[in-house]
Amino acid sequence: MKQSIGSILKAKNNRKLTMITAYDALFAKLFDDKVDFILVGDSLNMSFAGKEDTLSATLDQMIYHTNAVCNGAKNTFVICDMPFGTYTNETDAMKNCVRVFQETNANAIKIEGGSSKAHIVKHLTQNSIAVVGHIGLMPQNFRSEGGYKVKGKDEANTAQLIQDAKDIEKAGAFCIVLEGVKEEAAAQITKAVNVPIIGIGAGIYVDGQVLVWSDMLGLFEEFKPKFVRQYINGASIVKNAIDTYINDVENLNFPADAEKY
Ligand code: KIV
């Protein structure tokens, strides 16, 4: 059954939430009615489009993929990641999020940023856009920070992250993704707010976990972040299947009688 914002909020301190990314209807259907939410992450720019980072994902691409996911996952709460540069001010953020809400069936959008983005979260939520925040390691800062940097390594940074979480909660975000943060800091951030904190590379003391689907299924081979658990080795399963197919074709084992008209 599709979660509501109310049921997601109630899960805090009661049960752990699960989120997975998806980019198409095929996989979204496999994940449907299982996880609490599906995120159409701008990580699709890397694993799906083969780019080095998420920064060149466009709003049109996110809308296309969000539609595909909504078509496949009719019983799951779907979140569309707003791509880099689409929410730098309140007017643009509202215009772009309205497009997502009007052109897809997404239930919420996600934006990266803490205290400095709280006014944007407030503007969106006051205008009927449900917002998931994203703080800690923010992949859209990949170029400005010169790489992916783990956060919450010292007291000052942890205090800033707690403030970030509090500010976007106050602004109306109903859930916050916390990425690439030391476990002890993540535990403090999780305790500091009443909305669920969904961790990725943030240890176990959070309210739920999110993984990128192609990472957890072992399909993305470029690199494997430390926090990723591969539940199957998808790449070798696919490669073995392709080798077997080629072999069957070359040896006239495919098609067999039952596969002919
Ligand atoms: O884009 C994405 O897939 C994300 C997750 C890593 C949380 O933002």
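User: In this predicted model, is K110 buried or exposed?

Analyst: The relevant cut-off for burial is under 20% relative accessible area. K110 has a relative accessible area of 2%. Because this value falls under the cut-off, K110 is classed as buried.

User: Which residue forms a salt bridge with K110?

Analyst: K110 lies in strand β4 (residues 108-112). Its salt-bridge partner is in strand β3 (residues 77-81), 29 residues apart, and the pair links distant parts of the chain. The closest N and O atoms of the two side chains are 2.9 Å apart. At 2% relative accessibility the partner also counts as buried, and this residue is D81.

User: How many residues apart in sequence are the parts that R143 and D53 tie together?

Analyst: The side chains of R143 and D53 meet in a salt bridge at 2.9 Å, N to O. R143 lies in the loop between β5 (131-136) and α7 (155-171), whereas D53 lies in the loop between α3 (44-47) and α4 (59-72). R143 is exposed at 55% relative accessible area, while D53 is buried at 3%. Given the two loops, the parts tied together are 90 residues apart.

User: Which residues are linked with D60 in a network of salt bridges?

Analyst: One salt bridge of interest has its closest N and O atoms 2.8 Å apart, between R99 and E103. Both residues lie in helix α5 (residues 90-103), four residues apart, about one turn of the helix. R99 is partly exposed at 29% relative accessibility, and E103 is partly exposed at 38%. The residues linked with D60 in the network are R99 and E103.

User: What is the area buried between domain 1 and domain 2?

Analyst: The chain is divided into domain 1 (5-230) and domain 2 (234-261), with C-alpha centres 39 Å apart. Four residues of domain 1 are in contact with four residues of domain 2. In domain 1, G218, L219 and E221 lose the most area to domain 2, together 85% of what that side buries. Of the total area buried between the domains, 49% is on carbon and sulfur atoms, and that total is about 270 Å².

User: In which helix is I246 found?

Analyst: I246 contributes to a nonpolar surface patch of about 580 Å², together with L219, V238, I242, Y245, V249 and F254. Patch residues need over 30% relative accessible area, and I246 is partly exposed at 39%. The helix spans residues 234-250 and is α10.

Key:
Residues numbered from 1 in each chain as written. Predicted model: local features only at pLDDT ≥ 70, side-chain atom pairs only at ≥ 80, totals over all residues. Heavy atoms only, no water. Patch = residues over 30% accessible without salt bridge, like charges linked within 9 Å, V, L, I, M, F, W, Y side chains within 5 Å. Areas by Shrake-Rupley, 256 points an atom, 1.4 Å probe, with all protein chains shown as cover. Salt bridge = Lys/Arg side-chain N within 4 Å of Asp/Glu carboxyl O. Buried < 20%, exposed > 50% of the residue type's maximum accessible area, 1.4 Å probe, protein only. Domains from an automatic or database assignment. Contact = heavy atoms within 4.5 Å. Buried area = accessible area lost by both parts, 1.4 Å probe.
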